[in-house]
Structures are given as C-alpha cells and as structure tokens.
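Me: I have a structure on my screen and would like to go through the reasoning behind a few of its labels. Could you help me with that?

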Amino acid sequence: SSGINAEYGDLNKALCEEYEAIASKALATPANTEQLMELKHYIIKVRDSTIFELEERIIAAKHRLEFLVDFTSMSPAEMRLNSEAFNWHSRMPPIFEEHDEIINSSKRQAENALKLRRDRFVEELEGYNKQLEEFETFGDVAEVNRYLKKAQTLNSRLEAAQEKIEQFNLEEEAFDWSLTKYPLRKKILDVLTPYHKLYETTVEFQTNYKGWMDGNFEVIDPDEVDAEVGNFWRTLYKLEKTFANQANAESMATKDKGVAGKNIAAKMKGKVSEFKENLPLIQCICNKGMRDRHWEQMSKIVEFSIKPDNDTTLRKMIDLNLEPYLEKFEGISEAATKEFGLEKAMAKMVEEWTDMEFNIIPYRETGTYILSSVDDVQNILDDQIVKTQTMRGSPFIKPFEVEIRDWEDKLITLQEIIDEWLKVQATWLYLEPIFSSPDIMAQMPEEGRRFNAVDKNWRDIMKAVTQDRHVLAVLEIDKILERLKKSNELLELILKGLNEYLEKKRLYFPRFFFLSNDELLEILSETKDPTRVQPHLKKCFEGIATLRFTEIMDITHMNSSEGEEVPLIEVISTAKARGAVEKWLLELEGIMVKSLWQVIKLAKEEYLKTLRVDWVRAHTGQAVLCVSQFYWTEYVTAAINDSPEKLREYYELNNRQIDD
C-alpha cells in the first residue's frame with residue numbers, strides 16, 4: 001500500500017507543480033511588448049484548453065482517493081498534498097483576474113512607450129535629413145575620404161532606422177494599430193545613395209590608380225584594369241547625370257543642390273578618361289605573355305632598353321613616351337599573347353597527368369598484377385595527341401618548337417607502350433593458366449622456355465609500375481617499350497607453336513576437331529588425370545557419356561547418357577599411353593567398335609532362345625534396335641514371299657510386341 005500511496009502522491013505533486021507554473025507565469029510582469037504578447041497568448045491557450053485538462057486530472061485524482069481511502073491510511077503530509085491539489089482549480093479565477101489587470105496595465109505602459117519612441121524616431125529622421133544639406137557643400141576632391149566616412153556613418157544609421165521601423169510595425173500590429181510608413185527615411189536614403197556611391201567610387205579609383213601607377217609593375221593585369229576603368233567611367237557618367245538633373249530640377253528649394261556632387265563626378269570622370277588613354281599601351285606592355293625576347297624586340301624599335309626590372313612602375317613606363325611606337329608594339333604583344341596561349345595550353349596538358357594513375361589490380365594467386373581499365377588514360381592521350389599536332393602547326397609555336405616536339409614524342413611513345421602493354425597482357429592472361437601446367441611445359445619445352453622469359457619480363461614491369469602508378473612514370477622504366485615488343489614477338493611464336501601442337505594432336509586423333517582449343521588444352525594440361533576427359537567425351541563420342549575407371553586408371557566400361565553400360569572387350573590401360581591422351585582415346589575408338597559388334601552378336605544369338613520381352617530387357621538399346629531390324633527384315637521378306645495371310649499374321653505379331 002505504501003507503493004500505491006507514493007505513486008498517487010507523485011501524480012498529485014506533478015499536478016500542483018503545473019498549476020504553480022501557470023500561476024507564476026500569469027502573475028509575471030512582461031518587460032517589453034514581445035513578452036507582453038507572448039504572455040497574453042499563453043494565458044489565452046491555458047484558459048481555452050489547459051485548465052480543462054488539469055480539471056479532468058483533478059477529478060481522476062479524487063476518484064483514486066475514494067478508492068485508496070477504503071484500503072490504505074494516509075499520513076498528514078499526504079492529506080495536505082491532496083487538499084492543495086484539489087484547491088488549485090478554485091484558486092485559478094482570481095489569478096486570471098489579476099493577470100488581466102497586469103496585462104492591461106503593461107499594455108498601456110507599452111503603448112505609451114511606443115508612442116514616445118516613435119516621436120523621438122521622427123526627430124531622429126529630421127536630424128538625418130538636416131545632415132544631407134552638409135553633403136551639398138562637399139566639393140573638394142582632396143577631402144573625399146572624409147566625405148565617404150560621413151556618408152557611411154549616415155548610411156549605417158539609416159539601416160538601423162529601418163530595423164527600428166520594422167520593430168515599430170511589429171508592435172503596432174500587436175496593438176492592432178495601423179502601420180506607420182515613415183517615408184522620410186526612404187527620401188533621405190534616395191538622396192544619400194548617389195553621394196555615397198560617388199565618394200565610394202572616387203576613393204576606390206584613387207586607391208587603384210595609385211596601385212597601378214606606382215605599384216608592382218609585374219602584377220598588373222591589363223584585362224582587369226580595362227574592365228575596372230570601364231566600370232569606373234560608366235558609374236561616374238551616370239552619377240554626373242544624376243547630380244545634373246538634381247541641379248536643374250525646378251522644384252529645388254536651393255539653387256546649389258547637386259552642384260558639388262556634379263563637380264566631383266565630372267572631375268573624377270575626367271581623371272578616368274585621362275587614364276583610359278593609357279589602356280592601349282598598358283595592354284601591350286603589361287601583357288602576361290611578354291618574355292625577354294619580346295622586350296628585346298621592343299627595345300630594338302625604340303633604340304633603348306625598356307625591359308622592366310624590380311624598380312619599374314607603370315608611371316615610369318608612361319613617362320618614356322612610347323605612344324609613337326604603339327602600332328609596332330601591338331604586333332609584338334599580339335604574338336606574345338598567342339605564344340602565351342600555346343605555353344599555357346602546353347602547361348595544362350602536362351598538369352593533366354599530375355594525378356593520373358594506372359589502375360593496377362592483383363591477378364588471382366599469381367603474385368603479380370594486371371592493368372585494369374585504361375579508358376580515362378586513353379581519352380586524355382587521344383585528346384592531347386590531337387591538340388599537340390594542332391599546336392605544332394601554329395605559326396606562333398617557334399619559341400616552343402623543341403618542347404612541343406619532345407612532348408609529342410612522349411605522348412606517342414606512351415601510346416605505343418599502352419598498345420603493346422595491353423597486347424602482351426591479353427596474350428599472357430590466355431597463356432598463363434596453360435603454361436602453369438607441368439604437363440604442357442613437358443610437352444612443349446621450347447614454348448615453355450619462351451613463356452618463362454615473357455612471364456619474368458611481365459612480372460618485372462608490373463613490379464616497377466606498382467611502385468609508382470603515375471602514368472608518365474612508365475616512360476622512365478628502363479627499355480619498357482623494347483621489352484614489351486620483344487615479349488609480343490615471343491608470344492606470337494608461342495601461339496604459333498601452341499596451334500601447331502594442337503593441330504598435331506587433332507591429326508593423330510581426328511575426333512579432337514570437335515573440341516575448342518580451350519577444351520582440348522584442359523585435357524592436355526592434366527594428362528596425369530585421365531578422368532579430366534570425362535566432361536568432353538560427349539563431344540568426341542556422341543553415344544558415350546562417361547567411362548568407368550578402375551583404381552589404377554584402367555578403362556573397363558563405357559556408359560551412355562541413358563545410364564546403359566557396355567563392357568569393353570579389352571581393358572584399356574591409360575598408364576601405357578604415358579600421358580598421351582590421344583593414344584588411349586584412339587584405342588578406345590577401336591575397342592568401342594569391337595565391343596559394340598560383340599554386344600550385337602551376342603544379342604542376335606540370344607534372340608531366338610529367349611522370350612522377346614526378357615530379351616529386350618537384357619540387352620542395351622542400340623543392340624536391341626540393330627538385332628530387331630535384322631530379324632524384322634528377315635521375317636517380313638519371308639512373309640511376303642509366302643502369302644498375304646502370313647504377312648497379316650506377322651503384322652498382328654508386331655502389334656502385340658509393341659503392346660508388350
């Protein structure tokens with residue numbers, strides 16, 4: 001009973017804690033509008049649903065108490081807990097009333113605070129609007145950094161103002177007020193934006209201009225300079241028009257409005273235009289493709305050295321007054337660009353091979369490896385050979401002619417290596433299991449010696465490749481192409497010798513022509529085990545499915561697919577053939593014919609001495625068919641010569657035999 005009381009007490013304790021949490025939250029004073037709305041919605045939910053769920057739990061607790069009173073006794077503490085739990089429901093209405101007062105009071109305070117903040121915010125915006133007048137007096141380009149800081153500060157304040165407006169609107173929405181728009185902020189921002197953009201563009205151009213003119217000459221990118229200068233000029237052109245329109249507008253209260261901004265924009269546009277005149281020269285002398293040979297050509301034209309050094313700047317180059325030679329420079333620069341394109345293309349081709357590796361996998365239990373898929377390597381190789389040959393035909397390749405020829409030779413050599421390699425691998429994979437057989441090695445000693453030479457060469461090459469799998473690394477393997485070509489020559493001789501060997505075996509035992517090379521090799525590679533012939537017997541002898549071997553591998557019987565067994569009239573000794581399978585198979589062929597002749601002769605002799613039903617069951621199917629046809633022909637001939645009645649009698653006899 002103590003356990004039941006404890007469980008009941010825990011349920012009541014949890015109930016009291018939930019009521020206490022609701023009461024505590026309901027009587028809390030919200031710190032801001034967000035908390036106010038959150039608290040308001042929370043208590044609405046409690047009133048609409050939570051309080052009824054808690055009431056049901058109190059009723060259930062009362063029912064449990066009525067049950068427990070009859071069976072257990074409770075301590076004073078347990079009774080106090082029961083009383084506290086049951087009283088909570090009646091305590092909630094006054095708590096909700098007090099909550100409503102708190103909410104109403106907090107709402108009035110929040111509404112008054114919002115009104116006050118909105119009034120102050122309007123004053124802030126008017127102050128920002130007043131600051132705009134200051135920008136209309138800023139016309140000194142030398143002070144543009146100071147102007148930019150002021151514009152950035154005001155812009156940041158306007159961004160903060162937008163956040164305040166959004167917060168005001170959230171609170172106004174919570175109080176069901178109409179949303180305030182504050183159009184003055186947008187008006188201020190619209191006026192400020194062109195000034196901000198003007199100062200930003202001016203400072204950025206001045207910074208870049210100093211970097212271009214007096215910075216490191218070698219890092220100047222003419223295309224980037226051209227793009228940025230174009231952007232600066234277009235931006236300043238638009239800003240100049242914007243300020244001009246402000247200055248000419250009839251509705252302007254002040255006649256100086258927009259003039260200062262227009263003047264700065266015009267001055268900076270003039271500076272940008274002045275710098276733009278140097279762009280053709282910059283395109284020539286800052287070309288990334290310029291090399292010593294090009295600088296020497298240009299120096300020869302102007303008759304003094306213009307090759308840049310560590311102290312060279314764009315300003316110094318411009319001060320050399322090189323414009324009169326620009327037309328001749330452009331031809332040299334264009335050639336440098338084309339040559340640089342070829343140089344980059346060649347570098348990219350080399351880079352493509354950096355991480356390209358051959359896929360090498362172990363081959364069975366041989367202890368060596370084979371080359372897996374080379375499709376990715378082949379695709380890159382094909383593509384680069386075409387590219388290299390195209391580049392060699394370019395009129396601008398002369399400075400790299402030696403390098404491109406060397407690279408082409410490398411690619412072609414690599415292609416030859418892969419072709420020979422795959423050819424060796426395909427033949428090696430075919431021959432390796434064949435020459436793993438001691439029987440084949442014994443029967444083909446010359447071809448076996450050649451295969452051992454190829455096998456050693458293959459294993460040495462694959463060992464070197466596994467140590468460094470990078471594709472271009474194979475070019476460094478000593479005489480690899482020569483070794484692979486030599487291997488292919490030996491493999492061709494081995495294949496020729498193998499085919500001649502198989503042809504010789506087939507000519508000795510012609511039924512071998514019914515077998516494929518692989519099937520014949522399987523038989524010849526296991527001459528010590530005559531039973532390896534069994535799976536291929538059906539192809540050599542249509543009627544023989546298997547042979548019966550004794551423990552000493554003598555052949556005593558032949559079996560058909562139907563399970564019939566015919567004893568051989570002579571036992572065939574496979575050992576006498578000394579591994580020459582074709583010899584004992586040829587012997588089998590002869591003995592097979594004699595054995596069948598003997599079986600048929602015996603069946604013929606017993607035909608007239610035995611009941612036909614027993615005779616059929618006692619002899620093999622082939623003997624039964626042969627003897628039956630013999631006697632059928634004899635009896636039919638006799639019946640025809642005798643009379644129609646005899647022929648009819650024999651016909652009826654045949655039908656009875658079929659029924660039997």
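Me: Which residues have the most contacts inside the largest nonpolar core?

Reply: Happy to help! This is a predicted model. Its largest nonpolar core has 85 residues, and those with the most contacts inside it are Trp353, Phe358, Trp421, Phe541, Leu547, Trp584 and Leu585. Helix H13, residues 401-435, gives the most to this core, with 12 residues. Apart from this core lies another, of 84 residues, including Ile43, Tyr199, Phe275 and Trp295.

Me: What is Trp421 in contact with, leaving aside its neighbours within four places in sequence?

Reply: Trp421 is in contact with Phe358, Leu371, Trp458, Met462, Val465, Val474 and Leu484.

Me: Why are helices H21 and H22 called roughly antiparallel?

Reply: Start with the angle: the axes of H21 (residues 621-642) and H22 (residues 644-659) cross at roughly 150° and come within 7 Å. Angles over 145 degrees count as roughly antiparallel, so H21 and H22 earn that label. Among the residues making the contact are Tyr631 and Trp632 of H21 and Leu647 and Tyr650 of H22. By type, the contact residues divide into 8 nonpolar, 1 polar and 2 charged.

Me: What makes strands S3 and S4 a pair?

Reply: Pairing needs at least two bridges, and S3 and S4 have 4, in the antiparallel sense, so they qualify. One of the bridge partners in S4 is Met558, which faces Leu547 in that role. In the hairpin of S3 and S4, Met553 takes a positive phi near 65°.

Me: Which residues form the covered face of S3, and which the uncovered one?

Reply: Leu547 and Phe549 form the covered face, Thr546 and Arg548 the uncovered one. In a regular strand, side chains alternate between the two faces of the sheet.

Methods. Residues are numbered from 1 along each chain as its sequence is written. This is a predicted model: local features need pLDDT of at least 70, side-chain atom pairs count only at pLDDT 80 or more; totals for chains, interfaces and linings use all residues. Side-chain values use heavy atoms; hydrogens and water are left out. A nonpolar core is a set of buried Ala, Val, Leu, Ile, Met, Phe, Trp, Tyr and Cys residues joined through side-chain atoms within 4.5 Å. Buried means under 20% relative accessible area, exposed over 50%, partly exposed in between (1.4 Å probe, protein chains only). Helices (H or I, at least four residues) and strands (E, at least two) are DSSP runs, numbered from the N terminus. Contact means heavy atoms within 4.5 Å. Axes are lines fitted to C-alpha atoms, for helices over the stretch in contact, and angles run from 0 to 180 degrees between N-to-C directions. Angles under 35 degrees count as roughly parallel, over 145 as roughly antiparallel, 65 to 115 as roughly perpendicular and the rest as oblique. Ala, Val, Leu, Ile, Met, Phe, Trp, Tyr, Cys and Pro count as nonpolar, Asp, Glu, Lys and Arg as charged, and the others, Gly among them, as polar.
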